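Colleague: I should like to go through this model with you, element by element. May I begin with the helices and then turn to the sheet and the loops?

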Amino acid sequence: MQTIIAHSRFQTSRIDWAQQHHYMVAPIPCCDFRRRASKLPSAPGRAELAGNPTRVIVAAAAASTATGPVAVPHWKQALNELDKPKDERKVMICQVAPAVRVAISECFGLAPGTTTPGQLAESLRRLGFDMVFDTLYGADLTIMEEGTELIHRLQSSLEANPHNDEPLPMFTSCCPGWIALLEKSYPDLIPYVSSCKSPQMMLGAMVKTYLAEKRGISPNDICMVSIMPCVRKQGEADRDWFCSSGAGVRDVDHVITTAELGSILKERNINLPELPEGNWDQPLGTGSGAGVMFGTTGGVMEAALRTAYELVTKQPLPRLNLSEVRGMDGIKETEIKMVPPSGSKFAELVAARAVAKAGSETTANGSAIKWDGGADFLSDDGANGLTLRVAVANGLGNAKKLLTKMQSGECKYDFVEIMACPAGCVGGGGQPRSTDKQITTKRQQAIYNLDERSAIRRSHENPAIQTAYRDFLGEPNGPKAHELLHTHYVPGGVEAAE
Ligand code: SF4
């Protein structure tokens, strides 16, 4: 039997995975872990210790509340609560991330995307959840907030004020793998990263505030469970400040991975492929095709541009499928021209910028990214529009390459998506294991298919989102939205700050 030496705060889900796969887990204290891990290649992930049968997983999980292998894994804690008599347990609510729905069929020996999102919702209801919500709703909220934030940053840059606390370029923030790299290795870039919470955490906050208020349930009586493709989402949920309804009441209590859910369903004889179509609960169960796109590399960018373009131009994006940011290339880039309507605030700013521009490029000297002050904002076709330069980094290796180029000034972008896992969440560490080398491409295609089949393909057209802003949140990026849907980052990482 091989041994995994795990940091004593190692995520319980990973310890559980290791035990299921017949590894012996030997937890060791932090200092000893660091001493032993320091002799390993520095990249996070798994590494073989040369000439030694011991296999070491370098602790990538930072902020789990787990205290070692004796801690009950989160999937088990969720099941324990579900299995209690209904009148003795909390109200059990779950949410399901985009990438889960295309990969869960593989747990039943079927190709990606074979079972439907409706069947998945039905399986969770049969497992005992009282309400089944869709993380697509959280993704649509993310786009509303992130799109609006991008517009604010563009406006302040057009006002020739690019060095405020919301500078450009703006980086996406929904991936905890990227946020961990940012905090530990690129703390100078923190102001450039969107302050939006991830879809998981936005939906968790809405459940424990908006839903709790609407249904008259105490947030303390809700157990919120996320089904995620990701082994970092529990660590994200465990950040101390993700308690929107009050201190100590977590927005997300437990995270179960796709692979764990597959095992649970099979163990409970819930045969997903044979289930009828189920429904998602409301008001947090409606999502758009843009929300589905969060499940793969380039998808967040595509979803964001569908909304940001319309916010600036007041016209729908002419082409919804942005092939330039699709596929599995390591770094993808494109430009989007946006012409604001005459008389709009944006049109005024662009015109003023055109006058002021003449030879006054405002390179951000001394800042962490050598941005050119939006020199290419003015499109060269005489229409006085903006040319937004965007890039997508597929996996952390490519992200580092891209950041090096941006820091040296070799390339300049205004909006950048970074996802830590190659292929994005469809390739997440919590997905079912596969020997098929094309599996992530197949899962990605299944994501594109779901988007194509969606009745609503733009986040801002989601009626449930419109209702939430009208009845509860107020304006996107407004005070209440900011309080519930935005976050902050910790230079050096959460562990270093403890
Ligand atoms: S890309 Fe990977 S680390 Fe990032 S959210 Fe998706 S599954 Fe998690």
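Colleague: Which helices and which strand are included in what covers the buried residues of H7?

Modeller: This is a predicted model. Helix H7 spans residues 176–185 and is mostly covered, with 8 of its 10 residues buried. The buried residues are Pro 176, Gly 177, Trp 178, Ile 179, Ala 180, Leu 181, Leu 182 and Glu 183. What covers them includes helix H9 (233–237), helix H14 (396–408) and strand E12 (415–419).

Colleague: How do the residues of the shell around the ligand divide into nonpolar, polar and charged?

Modeller: The residues around the ligand include Cys 175, Pro 176 and Gly 177, along with Pro 229, Cys 230 and Arg 232. Met 419, Ala 420, Cys 421, Gly 424, Cys 425 and Gly 428 are also among them. Glycine counts as polar and cysteine as nonpolar in this division. The shell therefore divides into 8 nonpolar, 3 polar and 1 charged.

Colleague: In what order do the 4 strands of the open sheet stand?

Modeller: The edge strands are strand E7 (170–171) and strand E10 (331–338), each of which pairs on one side only. E10 pairs with strand E11 (residues 386–394) in the antiparallel sense over 8 bridges, and Ile 336 stands opposite Leu 388 in E11. The pairing in the sheet is mixed, and the order is E7-E12-E11-E10.

Colleague: Which helix packs on the sheet, and what angle does its direction make with that of E10?

Modeller: The helix that packs on the sheet touches E10, E11 and E12. It is helix H12 (residues 299–313), and its direction makes with that of E10 an angle of about 10°.

Colleague: Is Val 300 buried or exposed?

Modeller: Val 300 is found in helix H12. Leaving aside its neighbours within four places in sequence, Val 300 is in contact with Thr 172, Cys 174, Phe 294 and Glu 417. Because 29 other C-beta atoms lie within 10 Å of its own, and 20 or more suffice, Val 300 is buried.

Colleague: How far apart in space are Val 300 and Ala 139, C-alpha to C-alpha?

Modeller: In sequence, Val 300 and Ala 139 are 161 residues apart. In space, their C-alpha to C-alpha separation is 8.7 Å.

Colleague: Which residues of H5 are buried, and what do they pack against?

Modeller: Helix H5 (residues 117–127) is mostly covered, 8 of its 11 residues being buried. These are Pro 117, Gln 119, Leu 120, Ala 121, Glu 122, Ser 123, Leu 124 and Leu 127. Just after H5, Gly 128 takes a positive phi of about 125°. The buried residues of H5 pack against helix H3 (74–82), strand E5 (91–96), helix H4 (98–103), strand E6 (131–134) and H10.

Colleague: At which residue does helix H8 bend?

Modeller: Helix H8 (residues 199–215) is mostly covered, with 13 of its 17 residues buried. Just after H8, Gly 216 takes a positive phi of about 65°. The bend in H8 is about 35°, and it is placed at Val 207.

Colleague: What is omega for the cis peptide bond from Gln 282 to Pro 283?

Modeller: A cis peptide bond also joins Leu 168 and Pro 169, with omega about 0°; Pro 169 is placed in the loop between helix H6 (135–158) and E7. Pro 283 is found in the loop between helix H10 (258–267) and helix H11 (289–292). For the bond from Gln 282 to Pro 283, omega is near 15°.

Colleague: Asn 269 has a positive phi although it is not a glycine. Is Asn 269 buried or exposed?

Modeller: The phi of Asn 269 is about 55°, and the residue is placed in the loop between H10 and H11. A residue with 12 or fewer other C-beta atoms within 10 Å counts as exposed. Asn 269 has 7, and it is therefore exposed.

Colleague: Is Ala 423 buried or exposed?

Modeller: Ala 423 lies in the loop between E12 and helix H15 (439–453), and its phi is positive, near 85°. Because it has 23 C-beta neighbours inside 10 Å, Ala 423 counts as buried.

Colleague: What percentage of the residues of the protein chain count as buried?

Modeller: The protein chain has 18 helices and 12 strands. Of the contacts with a separation of 6 or more, 76% are accounted for by residues 24 or more positions apart. Of the 498 residues of the protein chain, the share that count as buried is 52%.

How values were computed:
Residues numbered from 1 in each chain as written. Predicted model: local features only at pLDDT ≥ 70, side-chain atom pairs only at ≥ 80, totals over all residues. Near = placed C-beta within 6 Å. Helix = DSSP H or I, 4+ residues; strand = E, 2+ residues; numbered from the N terminus. Contact = placed C-beta atoms within 7 Å. Pairing = 2+ DSSP bridges. Axes fitted to C-alpha atoms, helices over the stretch in contact; angles between N-to-C directions. Bend = angle between axes of the 7 residues up to and from the residue.
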